[in-house]
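Me: I'd like a close look at one part of this model, and I'm happy for you to work outwards from there. Could you take me through it slowly?

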Amino acid sequence: MENLEIAKVLSQMADLLEIQDANPFRVRAYRNASRFVADHATPMRKLVAEEADLTALPGIGKDMAAHIRDLVESGRLTALEELTAKVPSTLIDVMELPGVGPKKAKRLWKEIGVETIEALETAAQAGEVAGLAGFGAKSEQKILQGIEQFRQHRSRCKISDADQLISPLLEYLQELPSLDRLEVAGSYRRRRETVGDIDLLAITNEPRQVMQRFVSYPMVARVEMSGDTRGRIALQSGLEVDLRVLPAASYGAALVYFTGSKEHNIRLRRRAIERGLRLSEYGVFRANETEDGTAEADPLAGVQVAGAAEEEVYEAVDLPWIEPELREDRGEIEAAAAGSLPELVELGQIRGDLQMHSTWSDGKNTIEEMLEGCVTKGYEYFAMTDHSKALAMTGGLDAEKVRQQWLEIEEIQARHPEIRILRSQEIDILADGSLDQEEEILQGLDLVVISVHSRFDLPVGEQTRRILRALEHPQVDILAHPTGRLINKRPPFAVDIDEILHCALENGVVVELNAHPERLDLKDSHLILARELGLKVAISTDAHRVQQLDLMRYGVEQARRAWLEPTDIVNCLPLQEFLRSLSD
DNA sequence: GCCGTTTTCGGCCCGACTGTTTTCAGTCG
């Protein structure tokens, strides 16, 4: 059983326990374990096979370790079966609906026998829901609306789509003179590959005006909530946007809080408590105790010791400021406390782009146009990586065509001494692991990039062996988009990524982080593993037109999420050093 | 259910909004 599946079972456990009114901290333990397993690049089945001590993993104790072992070995979990005997597992879907949590799901089930979304729809349409205690006409309507949405689109929004969708909203809000500051926080600021919704943070002395403008944005499909300090709208695109309005004295604390992640925030708050402080979106306060010893209910009670800037919030809990991309509780708090935070790679440090296509195959621009685009970026070099002949639909190049292309490259290079063109190709890994190009051509290329474009459905063992065989070819330099996923479109092909990364390291092959926002392949947890192994990474745009050279930023952001520094990235090397690294 | 050199027991983050509750529970982020 793979990590994602194990994570799913653990999360189901959490949902079902919650419906049963289990100890909320027990529920949280399952959620934490689920999240950890989902994010972990090394397969649990491998750790189990090696008889590794699973309880050494964060958030995994004796019980979780046993659960994971059961799931790996039998694909089943007795504890889950016992739970689903008591609570129908289809209630998990019902809980996905907005406004329906564990308590209401339980009531729907116990009082009117609703176990599924379909049954709930029927009951709501018949008006049976509104009469239940805790429900009313509005919640019944909200449920019906939620079911509609549930069916339409459930996928998260790609970060690049979010960039596009919210920039006009930001401009619209910024036209308001009384708005002092506007920031996008949340997973968007952490630059996750997808975002569930958008969190906006506004600083103003006129909260009503800002909220009013927010809810009257022309692209609003519905207003879901609008109070004095918090509002929520759904755009016509389906993307939901939250706006929180705060005073300037709380700006830093609010930005920390709404940037998250939730797990990162929990750690910060715990540090605050350890120091006799209370941390909320309003600031850091010296904790006051009421006479009976309970916590003060007023969030602004006590003396504010920090809050206007992020730096001072971190300082109040004895930490340096932490880059948003790192705030996932994946060790950044410990590193910050120890003064060992990484010096994250920046876009300006990229000196070349190592995958792009031209009109020779399926690109839309000529080699020279792509060159000019790279010069504009200030690059020292770039690799011209048109497809190989197996990809006939892209006009892939056979040996003869490649030789012709070399002549053109030579001619263009002569006219453009300001940038080095690397003779390269994106060569298909055929189903048996051999490469789709003649040996003589492979020897003549400056850079050999390989990738899988076919037979995505091979069983995991076969797919892995196919790629391992290709990695062992002595001419190979870079393995491109190693898992083949397309976000929201195509799952990664079944492959043992752990084994592939190890094999790449042994064979001196660099792995590509494909910067295209639809790919972002490798994903952050894979890149973390690569870094731990000391495996180098290439960030490449895979541009098919000049404009797409701009996609580099998404790759760099993803790399930053994985703690990568410029020394981890081969295309941060100056040209001569990069060329030397290829010959090693 | 997890965790820990102050703890192996007793903690575990915190506040806003909605709807239906006539004073607050549930949900959400």
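In which sense do strand 6 and strand 7 pair, and over how many bridges?

Reply: Happy to. This is a predicted model, and chain A has a mean pLDDT of 91, with 97% of its residues at 70 or more. Strand 6 and strand 7 pair in the antiparallel sense, and five bridges hold the pairing. Ala234 is a good place to start tracing, since its bridge partner in strand 7 is Glu240. The two strands make a hairpin with four residues between them. In that turn, Gly238 has a positive phi of about 100°.

On its other flank, let us follow strand 6 to strand 5. Strand 6 (residues 230-235) is joined to strand 5 by five bridges, and these two strands run antiparallel. Here Ser226 has Gly231 in strand 6 as its bridge partner. A hairpin of three residues links strand 5 to strand 6.

Now for the whole sheet. Five strands make up an open sheet with mixed pairing, in the order 2-4-7-6-5. Strand 2 (179-184) and strand 5 are at the edges with a single partner strand each, so one side of each has no neighbour in the sheet. From one strand to the next, the twist averages 20°. At the strand 2 end, strand 2 pairs with strand 4 (residues 198-204) in the antiparallel sense over five bridges, and Leu182 stands opposite Ala202 of strand 4. Helix 13 packs on this sheet and touches strand 2, strand 4 and strand 7 (240-246). The direction of helix 13 makes about 175° with that of strand 4.

From helix 13 the chain leads to a spot worth checking on screen. Ser261 is in the loop between helix 13 (251-259) and helix 14, and a cis peptide bond with omega of about -5° joins Gly260 and Ser261.

Helix 14 brings us to the DNA. Five residues of helix 14 belong to the surface near DNA strand B, the most that any element gives. Strand 5 (220-226), the edge strand we met above, also supplies at least two residues of that surface, as do others including helix 2 (24-39), helix 4 (62-74), helix 7 (102-112), helix 9 (137-152) and strand 8. Altogether 41 residues surround DNA strand B, the closest being Gly61, Gly101, Lys104, Gly136 and Gly227. By class, this surface has 15 nonpolar, 13 polar and 13 charged residues.

Strand 8 has a partner of its own. Four bridges join strand 8 (residues 277-280) to strand 9 (residues 283-286), and the two run antiparallel. Arg278 has Phe285 in strand 9 as its bridge partner, and a hairpin of two residues connects the strands. A little caution is due further along the chain: pLDDT stays under 50 over residues 290-296, where the model has four contacts beyond four places in sequence. Where pLDDT is low, the predicted coordinates should not be read in detail.

Let us set a second sheet beside the first. Seven strands form an open sheet in the order 11-12-13-14-15-16-17, with parallel pairing. The edges are strand 11 (352-353) and strand 17 (537-540), each with a single partner strand, so one side of each lacks a neighbour in the sheet. Within this sheet, strand 13 (residues 420-428) pairs with strand 14 (residues 447-451) in the parallel sense over five bridges, and Ser424 stands opposite Leu447 of strand 14. Helix 18 (residues 399-415) lies across strand 12 (381-387) and strand 13, at about 160° to strand 13. Another cis peptide bond, with omega of about 20°, joins Asp521 and Leu522; Leu522 is in the loop between strand 16 (510-514) and helix 22 (524-533).

One last stop is a helix pair. The axes of helix 1 (residues 3-19) and helix 5 (residues 78-86) come within 10 Å and cross at roughly 35°, and the crossing is left-handed. Helix 1 contributes Val9, Gln12, Met13, Leu16 and Leu17 to the contact, while helix 5 contributes Ala79, Leu80, Leu83 and Thr84. By class, the contact has seven nonpolar, two polar and no charged residues.

Methods. Residues numbered from 1 in each chain as written. Chains lettered and ligands numbered in written order. Predicted model: local features only at pLDDT ≥ 70, side-chain atom pairs only at ≥ 80, totals over all residues. Pairing = 2+ DSSP bridges. Contact = placed C-beta atoms within 7 Å. Axes fitted to C-alpha atoms, helices over the stretch in contact; angles between N-to-C directions. pLDDT = per-residue confidence, 0-100. Left-handed = near helix turned anticlockwise from the far one by under 90°. Nonpolar A, V, L, I, M, F, W, Y, C, P; charged D, E, K, R; others polar. Near = placed C-beta within 6 Å.
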